[in-house]
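Reader: I would like a close look at a single part of this model, taken slowly and with the residues named. Please begin with the surroundings of the bound molecule and then go on to the sheet.

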Amino acid sequence: MTYLRTSSDLLKHKLIAEDKIEAIEKVAEQFQVSLSPEVIKAFEHEEVRQQYLPSENELKILPEELRDPIGDQTFTPVKGITHRYPDRVLLKPLHTCSVYCRFCFRREKVGQADEILRQGELKKALNYIKDHKEIWEVILTGGDPLSLSAKKLSAILDELEAIEHVKIIRIHTRIPLVAPEKVTDELLEVLDREKATYLILHCNSHKELSDDVKKAIKRLSKSGLPLLSQSVLLKNINDSTEKLEKLFRSLLEIRVKPYYLHHPDLAQGTSHFRVSLENGRQITADLRKTLSGLAQPLYVLDVPGGLGKVPAGKEFIQESGKEAWKIQTIHDTFVDYQDYL
Ligand SMILES: *Cc1c(COP(=O)(O)O)cnc(C)c1O
Ligand code: SF4
């Protein structure tokens, strides 16, 4: 099987019904679609299927949903860089992914050809990092940086290693889970670095961890890379204590340390995935009772408008009314927040 990218591909493979084709075409006009052979293989599991298969629910866009839910644009000094926190930047060399998650918080950007950095733009982005000595950590994200060619990725990592004040390189990726065949010897070689290099894997359900995926992750871990995970709390996919417990245990068993559990963002057309903050807190509090500390991620919320991530617990977020919240940001300002379910 190959990658499926159009509504007619989906129809041909009987993944959508004939009477849905018009709606799905509309969805695909707005938000990219791509399913890899690996994820299609796991489609018998609802927890996987719903993450990737476009649905007409995405056409329901609420007025409160944002094109740029976490405010990246405001913190973009040069194309490809997001500099929100003093000591670290995001470097986004491309905006394509092997698969497109239906709840993606950058769904307005991913898959857009004009978002890919050209050679000159990449140089400018790297110069920005060189010129800002306070940047201690560079986070490669996008899009999926591991879908760059080995040559291109290698060149970027070489440049980052040559910048004295950059001490930490972090790569956010979904490739080992959605296209494990791309974890090749060549890739392992490219990732073998002198500077501390961390890989953060995006994984939302233990059903994503097929034997092939586990093998790919094991190879990464054996090559010496520290592996962490981030997950998004998603309705019907992992919004129960049992499901998350299974996910975090499964990750830790393959040497992936759960890092963040993200409260779902206010991305456009994603209300069918959203879980209330109250519910998220209940689930994470229950996890605290049964699960090893090593397997516990930090539950975080990215404050809309680019105000940064805060832990989703009571120390930063207080209830201010019925389903209404007051958030203390990292700048010690206060903003109102609602889930808009
Ligand atoms: C999430 C994010 C980071 C990384 O934050 P950590 O809390 O260090 O994982 C860095 N920059 C931006 C703009 C982010 O959105
Ligand atoms: S892999 Fe990440 S950037 Fe790509 S579609 Fe999924 S959530 Fe968005």
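Author: This is a predicted model, and the shell around ligand 2 has, by class, six nonpolar residues, one polar residue and one charged residue. The residues that surround ligand 2 are Cys 97, Val 99, Tyr 100, Cys 101, Cys 104, Val 110, Arg 174 and His 202, and the charged member of this shell is Arg 174, while the polar one is His 202. The space that ligand 2 takes up is the largest pocket.

Turning to the sheet, nine strands make it up, in the order β1-β2-β3-β4-β5-β6-β7-β8-β9, and this sheet is open, with mixed pairing. Its edges are formed by β1, residues 81-85, and by β9, residues 308-311, each of which pairs on one side only. From one strand to the next, the twist averages 25°.

Strands of a sheet pair through backbone hydrogen bonds, either parallel or antiparallel. Here, strand β7, residues 257-262, and strand β8, residues 298-303, run parallel and are joined by three bridges; as for individual partners, His 262 has Val 300 in β8 as its bridge partner.

Two helices can be placed against these strands. Helix α11, residues 277-290, lies across β7 and β8, and runs at about 160° to β8. Helix α5, residues 119-131, lies across β1, β2 (88-91) and β3 (137-140), and the angle at which helix α5 runs to β2 is about 175°.

How values were computed: Residues numbered from 1 in each chain as written. Chains lettered and ligands numbered in written order. Predicted model: local features only at pLDDT ≥ 70, side-chain atom pairs only at ≥ 80, totals over all residues. Heavy atoms only, no water. Near = heavy atom within 4 Å. 1 Å grid on protein atoms, 1.4 Å probe; cavity = no way out; pocket = protein on both sides within 12 Å on 5 of 7 lines; lining within 4 Å. Sits in = over half its atoms within 2 Å of the grid points. Pairing = 2+ DSSP bridges. Helix = DSSP H or I, 4+ residues; strand = E, 2+ residues; numbered from the N terminus. Axes fitted to C-alpha atoms, helices over the stretch in contact; angles between N-to-C directions. Contact = heavy atoms within 4.5 Å.
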